[in-house]
Amino acid sequence: MQKLAACRIAVFGIGGVGGYVVEALARSGVGALDLIDDDRICLTNLNRQILATRRTVGEYKVDIAEERIHEINPGCKVRTYKTFYLPETQDQFDFSEYDYVVDAIDTVTGKLALIENAKKANVPIISAMGAGNKVDPAAFEVADIYETSICPLARVMRRECRKRGIDSFKVVYSKEKPVRPLEDMSISCRQHCICPPGTARKCTERRDIPGSTAFVPSVAGLIIAGEIVNDLTSGEKR
C-alpha cells in the first residue's frame, strides 16, 4: 500500500477501458493520477462506461473521473488534461514523472507516440488493444505485443512498432474474432446524431462505428489495473 500511495500513474483515455482502470487504481490506493482525455460523456456511453450516467451526460470525462476519485480517496492527487493525445500534443507531458503509463486511446498515431515517449523515459507502459466488436470477456490475454494474434489493432501496432524499432511492451488483447454490428440506419448515430453542435470527432465522422457491451471494456480495464498493481508492488516491470 505504501508503494502504491507513492506512485503517479498517467491514464490516457478515460472511456470504456480507461474509466475502469482509473476506478480500480483509485480503489487500490494509488496516490496520484493524471487523467488525459478531451471527450465529454455522451448518452451512447451509458451501456459501458463507468463514468456515464444520466446526470453526467455532457460533462468532461476527466472532470467526472476526478470527482469520483476524490469520493473514493480524498487524498489522491489528481491532474486533469482536456487533451486529445497525438504527436502534436505530446510536449505537454513529462513522462519521467510517471511510475506507469496506461494507453487506453484508440488512435494508432497516438498509441505509437505514447509508447515511444514512455520508452524514452524508461517508464513501463501497458496498452489496450481492440475491445470494440467483442462479446467474450474471457478471451482477453496479457502478452507482449509481438506475441499477439487475430486482433486487427494489434496487427497494425506490430507492423508500425517494427518500423520504429520498438522491441517490446505489454498489451491486453483478445483473440476473439470481431463481430460486426448491424448497420441499422433507423437507429444509427449516422442518421440520428445526438452530439451537440461543435463536438469534435463525432461518430458520424468515423469510418466505422464499433459495437460494444457492458462487460468487455470493463474486464479489459480491470485486467490492466491488476497488471499495474502487480508490477508496482512486486518490482517486476516490463
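**View 1. Ala10, a buried residue of strand β1 in the predicted model.** Ala10 has a relative accessible area of 0% and is therefore buried, the cut-off for that term being under 20%; the coordinates come from a predicted model. The residue belongs to strand β1. Once neighbours within four places in sequence are left aside, the contacts of Ala10 are Asp34, Ile36, Tyr98, Tyr100, Val101 and Val102. Ile125 lies 115 residues from Ala10 in sequence, yet their C-alpha atoms are 9.5 Å apart in space.

**View 2. The open, mixed sheet of seven strands.** The strands follow one another across the sheet in the order β3-β2-β1-β4-β5-β7-β6, with mixed pairing. At the edges stand β3 (77-81) and β6 (140-144), each of which pairs on one side only, and from one strand to the next the twist averages 15 degrees. Strand β6 is joined to β7 (residues 170-174) by five bridges in the antiparallel sense, and within this pairing Asp144 has Lys170 of β7 as its bridge partner.

**View 3. Helix α4 across three strands.** Helix α4, which comprises residues 108-120, lies across β1 (8-12), β4 (100-103) and β5 (125-128). Relative to β5, the helix runs at about 170 degrees.

**View 4. Helix α3 and its buried face.** The twelve residues of α3 (residues 61-72) should span 16 Å at 1.5 Å a residue, and the distance of 17 Å between the end C-alpha atoms agrees with this. Buried along the helix are Lys61, Val62, Ile64, Ala65 and Ile69. Because these buried residues fall within an arc of 160 degrees when α3 is seen down its axis, they line one face of the helix. Their packing partners are α2 (18-27), β2 (32-36) and β3.

**View 5. Two separate nonpolar cores.** In soluble globular proteins, nonpolar side chains tend to be buried together. The largest nonpolar core here has 39 residues, of which Ile9, Leu25, Leu33, Leu35, Val102, Ile224 and Ile228 touch the most other members. At least two residues of this core are supplied by each of β1, α2, β2, α3, β4, β5 and α6 (216-234). Ile224, with residues up to four places away in sequence not counted, touches Val17, Val21, Val102, Ile126, Ala128 and Val172. Separate from this is a second core of 29 residues, among them Phe93, Leu114, Val123 and Phe169.

Definitions and conventions. Residues are numbered from 1 along each chain as its sequence is written. This is a predicted model: local features need pLDDT of at least 70, side-chain atom pairs count only at pLDDT 80 or more; totals for chains, interfaces and linings use all residues. Side-chain values use heavy atoms; hydrogens and water are left out. Two strands pair if DSSP finds at least two bridges between them. Helices (H or I, at least four residues) and strands (E, at least two) are DSSP runs, numbered from the N terminus. Axes are lines fitted to C-alpha atoms, for helices over the stretch in contact, and angles run from 0 to 180 degrees between N-to-C directions. Contact means heavy atoms within 4.5 Å. The expected span of a helix is 1.5 Å times one less than its number of residues. Buried means under 20% relative accessible area, exposed over 50%, partly exposed in between (1.4 Å probe, protein chains only). The arc is that of the directions from the helix axis to the C-beta atoms. A nonpolar core is a set of buried Ala, Val, Leu, Ile, Met, Phe, Trp, Tyr and Cys residues joined through side-chain atoms within 4.5 Å.
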